[in-house]
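Dear colleague,

Please find the structure below, handed over for your records. My findings follow it.

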Amino acid sequence: MNNANRDMSYFKMYQKENPLKYLSRGIKVSRFRKTKKQIRNRVLYAILLSKDIKLSDLAKNVGVSSRGVNGWVMGAQPNDHNMSKLCDFLNYPHHILFNEEIVNRSPIICIPSRSKYYKRVVAVSPAQNNVLHGLLVLYDISLGDFATWLDLGPATIRKYIHRKCLPDPQIQKRMADFFRIPANILFYDALR
């Protein structure tokens with residue numbers, strides 16, 4: 001070993017011989033994992049978004065871990081005890097929060113063009129139809145674009161979100177087909 005190599009540490013020599021390795025520089029790994037799962041329970045998640053309830057807050061109120069609540073959003077079913085506490089806390093029945101048809105058939109919605117939902121409208125006038133409002137927030141669809149895609153006026157869409165107004169059966173069907181959710185679930189708040 002010559003004098004120059006004696007002054008180098010083992011790691012520096014290894015790095016000089018193998019420049020592609022990252023010894024002593026840290027491992028190059030992405031900082032955050034991307035989830036491989038998609039949100040399967042869109043109705044539950046839409047209600048949480050509409051009521052501005054965080055998953056961690058819901059977990060504290062129901063008495064479970066936040067991972068458990070995350071599992072419910074991803075499609076898992078809670079046990080009977082947690083289901084009753086969840087239904088009582090959110091004030092929705094089981095068949096609305098965990099509809100098997102929606103959870104098992106969670107489609108990807110094809111939005112015609114990029115849209116941006118503005119939450120400032122909700123701050124002024126709170127939503128009465130939480131499922132419809134939450135789905136607009138979930139997919140980040142603006143009221144104007146949604147109204148244009150359905151050939152309706154934005155004021156009509158606002159009426160269905162901010163008041164407990166039930167649309168005509170034709171409009172219910174068009175909205176239900178857009179989100180691929182049955183109309184009785186999409187407009188549950190207006191029906192009760």
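Over residues 27-35 the pLDDT stays under 50, and the model has two contacts beyond four places in sequence for this stretch. The structure is a predicted model, and where pLDDT is low, the predicted coordinates should not be read in detail. For the protein chain, the mean pLDDT is 79, with 70% of the residues reaching 70 or more. Among the elements, helix α6 (residues 80-90) has the highest mean pLDDT, 93, and helix α9 (residues 120-124) the lowest, 55.

As to the overall make-up, the protein chain contains 15 helices and zero strands. Of its 192 residues, 39% are buried. Among contacts between residues at least 6 apart in sequence, 65% join residues at least 24 apart.

Helix α13

Which residues of helix α13 (residues 169-179) are buried? They are I171, Q172, M175, A176, F178 and F179. These residues lie on the same side of α13, because they cover an arc of only 155 degrees around the axis. P169, Q170 and K173 are exposed on the other side of the helix. The buried residues of α13 pack against five helices, namely α3 (42-50), α10 (130-138), α11 (143-149), α12 (154-162) and α14 (183-186). R180 follows α13 and has a positive phi, near 60 degrees.

Helix α13 also holds a salt bridge between D177 and K173, whose closest N and O atoms are 2.9 Å apart. The two residues are four places apart in the helix, about one turn. An α-helix has 3.6 residues a turn, so residues three or four places apart point the same way. D177 counts as partly exposed, because its relative accessibility is 45%, whereas K173 is exposed.

The second salt bridge

The model has two salt bridges in total. Besides the pair in α13, D189 forms a salt bridge with R192, the closest N and O atoms being 3.1 Å apart. Are the partners of this pair buried or exposed? D189 is buried, since its relative accessible area is 1%. R192 has a relative accessible area of 41% and is therefore partly exposed.

The nonpolar core and helix α10

The largest nonpolar core has 47 residues. Those that touch the most other members are L90, L97, L132, F146, M175, F179 and L186. M175 and F179 belong to the buried residues of α13 described above. L186, leaving aside its neighbours within four places in sequence, is in contact with N129, V131, L132, L135, M175, A176, F179 and I181.

Several of these partners of L186 are found again in α10, which is mostly covered, with eight of its nine residues buried. The buried residues are N130, V131, L132, H133, G134, L135, L136 and V137. After α10 comes D140, which has a positive phi near 55 degrees.

Helix α5

In helix α5 (residues 66-73), V69, W72 and V73 are the buried residues. They are placed on the same side of α5, because the arc they cover around the axis is only 100 degrees. Their packing partners are α3, α4 (55-62) and α6. Just after α5, G75 takes a positive phi of about 120 degrees.

Two individual residues

N99 lies in the loop between α7 (94-97) and α8 (100-104). What does the side chain of N99 reach? It reaches the backbone nitrogen of E101, at 3.0 Å. Not counting residues up to four places away in sequence, N99 touches H94 and I185. N99 counts as buried because its relative accessible area, 18%, is under the 20% cut-off.

A155, found in helix α12, is exposed, with a relative accessible area of 53%. The C-alpha atoms of A155 and G144 are 8.9 Å apart in space, and the two residues are eleven places apart in sequence.

In reading the model, kindly bear in mind the stretch of residues 27-35, where pLDDT stays under 50.

With kind regards

Note on methods: Residues numbered from 1 in each chain as written. Predicted model: local features only at pLDDT ≥ 70, side-chain atom pairs only at ≥ 80, totals over all residues. Heavy atoms only, no water. Buried < 20%, exposed > 50% of the residue type's maximum accessible area, 1.4 Å probe, protein only. Arc of directions from axis to C-beta. Contact = heavy atoms within 4.5 Å. Salt bridge = Lys/Arg side-chain N within 4 Å of Asp/Glu carboxyl O. Core = buried A, V, L, I, M, F, W, Y, C linked by side-chain atoms within 4.5 Å. Polar contact = N/O pair within 3.5 Å; in protein donor to acceptor, adjacent residues only side chain to side chain. pLDDT = per-residue confidence, 0-100.
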